[in-house]
Amino acid sequence: MKFADLHLHTQFSDGTFTPEELVLQAQKNGLSCIALTDHDTVEGCPRAAAACAAVRMEFITGAELTAEHEDTEVHILGYYLDTENRQLLERLAQFQTVRQQRIHEMVAALNKMGVPLKAESVFAMANCKSPGRPHVARALVKAGLINSLDEAFEKFLKKGRPAWVPKTKMSALESVELIHQAGGLAVMAHPGLNRTDEIIPDLVAAGLDGIECFHTKHSTVMSERYLEIAETHHLLVTGGSDCHGFSKNKPLIGTVRLPYEHVEKLSAARHKVCG
Ligand code: AMP
Ligand code: ZN
Ligand code: FE
Ligand code: FE
C-alpha cells in the first residue's frame, strides 16, 4: 500500500523543518507522496519539489490560505498551484504584509501589558515572509518571558486573550477562485477544527473541489462524517497530519496516512480542470 501526507508546514511559515528535512522525514515514514501547504505562501515548494525529485517521491505544490466566510475562519488548501502565477503571488504578498503588520500589533499589545518582547526578535525567529502567532510564542519562550508555547497561547495569543490580534483574511470564495486561476484544486482544511460545516454548501457552490476528511485533530467519527459529506457533495477526499515539525511535541508527519487512491483521484481531477 502507498500512502500520502497532504498537509505539511516548513520554516517558510510556522513549521520548524526546512523543505529538505521535511522530505527526509517523509521518506523515513515511508510516504510515497507529500504536499507542502505552508500558510499563505508557496515559497518552499521549489525546494521541496527538488528534494522529492532526488528521492523519487511524488510532490504536490500547495499552500494553506487563511480565509473567512460570514465571519467564520476557514483554511483553504490549494493543490497543484502554479507557484509562478502572478495573481496568486501578488495576493499572497498582500496577506504576508498583513501577517508582518500583525506581529507589530501583537508585540505592541504585549509591551502594553509590560511584557518586553521586541518585534525584531519575532522576525528573527520567524525568518520568513509569513510569520504568525507560533513565532511570537517561540520568541517569548526564547527570551525567557514565558515557560512554554502552550502558556504563551493560553495567556496572550489565543482568540480573546490580550495580545490576540484579528487577522484581515481573504474571503473564502475569493480563495477558491484564486486557487483555480492558478491551476489548482481548492480543498477545505480540517473542517472538524474550524466548525465550518454550515458554510460547506456555499463553498461547494463557489467551486470547492475537496474536503480534508483525515486530519490529526479529527476523530474517527469526524472523518467518517466528512467522508459522507464528501460523497453527498461529490467532493474529493484529502488528508494530512498538519505537521509543524518540532514546534510543539513530536513531529506529526506519518501519523495521518492517506491511501493513494485519493491522490490518484486528485491528480485526475486536476487534469480535468487544467488540461
Ligand atoms: P496564525 O496564523 O498567526 O493565526 O497562527 C495560527 C497557527 O498557530 C496555527 O496554524 C497553529 O499552528 C498555531 N496555534 C493556534 N492555536 C494554538 C494553540 N492554542 N496552541 C498552540 N499553537 C496554536
Ligand atoms: Zn500553522
Ligand atoms: Fe489550518
Ligand atoms: Fe496547517
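**Entry 1: the iron ion (ligand 3)**

I began with the iron ion (ligand 3), which is coordinated by Glu-64 through OE, His-75 through ND1 and His-190 through NE2, at 2.0 to 2.2 Å. I note that the model is a predicted one. Reading along the sequence, I recorded the spacing of these donor residues as E-x10-H-x114-H. I then looked up where two of the donors lie: Glu-64 is in strand β4 (residues 62-69) and His-75 is in strand β5 (residues 72-79), so the pair ties together parts that are 11 residues apart in sequence.

**Entry 2: a bridge between iron ions**

Which residue bridges the iron ion (ligand 3) and the iron ion (ligand 4)? I found that Glu-64 does so, and that the two ions lie 3.6 Å apart. I also looked up the separation between the iron ion (ligand 4) and the zinc ion (ligand 2), which is 4.7 Å.

**Entry 3: the zinc ion (ligand 2)**

I turned to the donors of the zinc ion (ligand 2). Asp-14 is listed twice, each time through OD, and His-39 and His-244 each coordinate the zinc ion through NE2. The distances run from 2.0 to 2.7 Å. For the sequence spacing of these donor residues I noted D-x24-H-x204-H. The two histidines link distant parts of the chain, 205 residues apart. I placed His-39 in the loop between β2 (33-35) and α2 (45-54), and His-244 in the loop between β9 (236-240) and β10 (258-259).

**Entry 4: the surroundings of ligand 1**

Where does ligand 1 sit? I found it in the largest pocket. The residues around ligand 1 include Asp-14, His-39 and His-244, which I had already recorded as donors to the zinc ion (ligand 2). Also in this shell are Arg-99, Arg-102, Gly-132, Arg-133, Pro-134, Phe-153, Lys-167 and Lys-248. By class I recorded two nonpolar, three polar and six charged residues. Two helices, α3 (86-112) and α5 (133-142), each supply at least two residues of the shell.

**Entry 5: contacts and burial of ligand 1**

I next looked up distances from oxygen atoms of ligand 1 to side-chain N or O atoms. For Arg-102 the distance is 2.9 Å, for Arg-99 it is 3.2 Å, and for His-244 it is 3.3 Å. How much of the area that ligand 1 exposes when taken alone does the protein bury? Taken alone, ligand 1 exposes 500 Å², and I noted that the protein buries 75% of that.

**Entry 6: a residue to revisit**

I marked His-244 for a second look. Its NE2 coordinates the zinc ion (ligand 2), and its side chain has an N or O atom 3.3 Å from an oxygen atom of ligand 1.

Note on methods:
Residues are numbered from 1 along each chain as its sequence is written. Chains are lettered from A and ligands numbered from 1 in the order in which they are written. This is a predicted model: local features need pLDDT of at least 70, side-chain atom pairs count only at pLDDT 80 or more; totals for chains, interfaces and linings use all residues. Side-chain values use heavy atoms; hydrogens and water are left out. A residue is near a molecule or strand if one of its heavy atoms lies within 4 Å of it. A polar contact is a pair of N or O atoms within 3.5 Å; within protein, one must be able to donate a hydrogen and the other to accept it, and residues adjacent in sequence count only if both atoms are side-chain atoms. Accessible areas come from the Shrake-Rupley method with a 1.4 Å probe; for residues, only the protein chains shown count as cover. On a 1 Å grid over the protein atoms alone, a cavity is a set of points where a 1.4 Å probe fits but cannot get out, and a pocket is an open set with protein on both sides within 12 Å along at least five of seven lines; lining residues have an atom within 4 Å of a point. A molecule sits in a cavity or pocket if more than half of its atoms lie within 2 Å of its grid points. Helices (H or I, at least four residues) and strands (E, at least two) are DSSP runs, numbered from the N terminus. Ala, Val, Leu, Ile, Met, Phe, Trp, Tyr, Cys and Pro count as nonpolar, Asp, Glu, Lys and Arg as charged, and the others, Gly among them, as polar. Donors are N, O and S atoms within 2.8 Å of the metal (3.2 Å for Na, K and Ca); water is not among the atoms, so sites may look incomplete.
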